[in-house]
Amino acid sequence: MDALHWWRQGDAVTQGAALVLLAMSVASWVVIVWKLRLMRQASADVTRCTAAFWQAPSIDVAAQRLQSFDRSALVLPLVVAANSIANHSDSASQATLATAGSLSQRLTRVLRDALHQVLGRLQFGQVLLATVGSTAPFVGLLGTVWGIYHALTAMAGAGQITIDRVSGPVGEALVMTAAGLAVAIPAVLAYNVFGRLIGRIEADLEGFARDLRELLIDTAQPVDSKS
């Protein structure tokens with residue numbers, strides 16, 4: 001009854017701010033739950049996939065093994081991209097700029113592009129959490145200020161103003177500030193936690209990409225020296 005009474009007392013601005021906060025809260029919690037699952041899965045997959053890769057006898061066998069290990073598709077795109085360049089290093093004709101340059105340059109380019117795509121998936125939703133965390137308190141403050149103004153205007157036209165008549169509407173308006181903070185705090189905490197986890201995974205992927213590049217270059221050097 002209290003929530004229904006508060007909703008009926010508010011005008012379009014107050015109700016609109018409350019709906020915006022509700023939408024922000026639902027969106028941020030959906031992203032939080034989804035990214036919790038993604039981060040836990042990604043952390044386990046990267047460790048398991050890199051170990052499986054270095055234990056494989058060849059890159060082709062490693063790529064086949066990673067298909068069952070890499071559920072989040074974080075390591076396999078790097079291996080596939082680098083392997084495609086290594087397999088066509090000798091037969092590719094220098095017809096385009098993409099195939100021009102040394103093997104080292106081409107590996108750097110394809111690994112960088114694949115890494116950016118992988119990190120884009122990991123960072124999906126971070127902008128939403130940052131936006132909710134930074135704007136939700138101001139949306140709640142807007143609802144509070146407008147609610148207090150609306151309540152004081154209504155009481156001023158009613159004649160005598162007492163503390164009892166002021167405290168109720170003003171207290172109800174202050175709920176919007178608390179609602180804004182309740183929406184923003186989980187989003188900010190989740191953004192910081194996920195940012196740190198993404199940073200760790202990014203460092204592991206960058207290290208793996210660097211090692212993979214060096215491996216393919218060293219493997220191709222005897223072939224290049226013979227030719």
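This tour moves from the whole chain to a loop residue and then to a helix residue.

The model is predicted, so local features need pLDDT of at least 70 and side-chain atom pairs count only at pLDDT 80 or more, while totals for chains, interfaces and linings use all residues. Residues are numbered from 1 along each chain as its sequence is written, and side-chain values use heavy atoms, with hydrogens and water left out.

Start with the whole protein shown as a cartoon, where there are seven helices and zero strands; helices here are DSSP runs (H or I, at least four residues), and strands are runs of E of at least two residues, numbered from the N terminus. Of its 227 residues, 36% count as buried, where buried means under 20% relative accessible area, exposed over 50% and partly exposed in between, with a 1.4 Å probe and protein chains only.

Next, select Ala73, which is in the loop between helix H3 (59-69) and helix H4 (76-87). Its phi is near 55 degrees, a positive value in a residue other than glycine, and Ala73 is partly exposed, with a relative accessible area of 30%.

Then select Val118, which belongs to helix H5 (residues 103-122) and counts as buried at 1% relative accessibility. Display its neighbours: leaving aside residues up to four places away in sequence, Val118 touches Ala73, Leu74, Pro77 and Leu205, a contact being heavy atoms within 4.5 Å. Finally, add Leu78, which is 40 residues from Val118 in sequence and 8.7 Å from Val118 in space, C-alpha to C-alpha.
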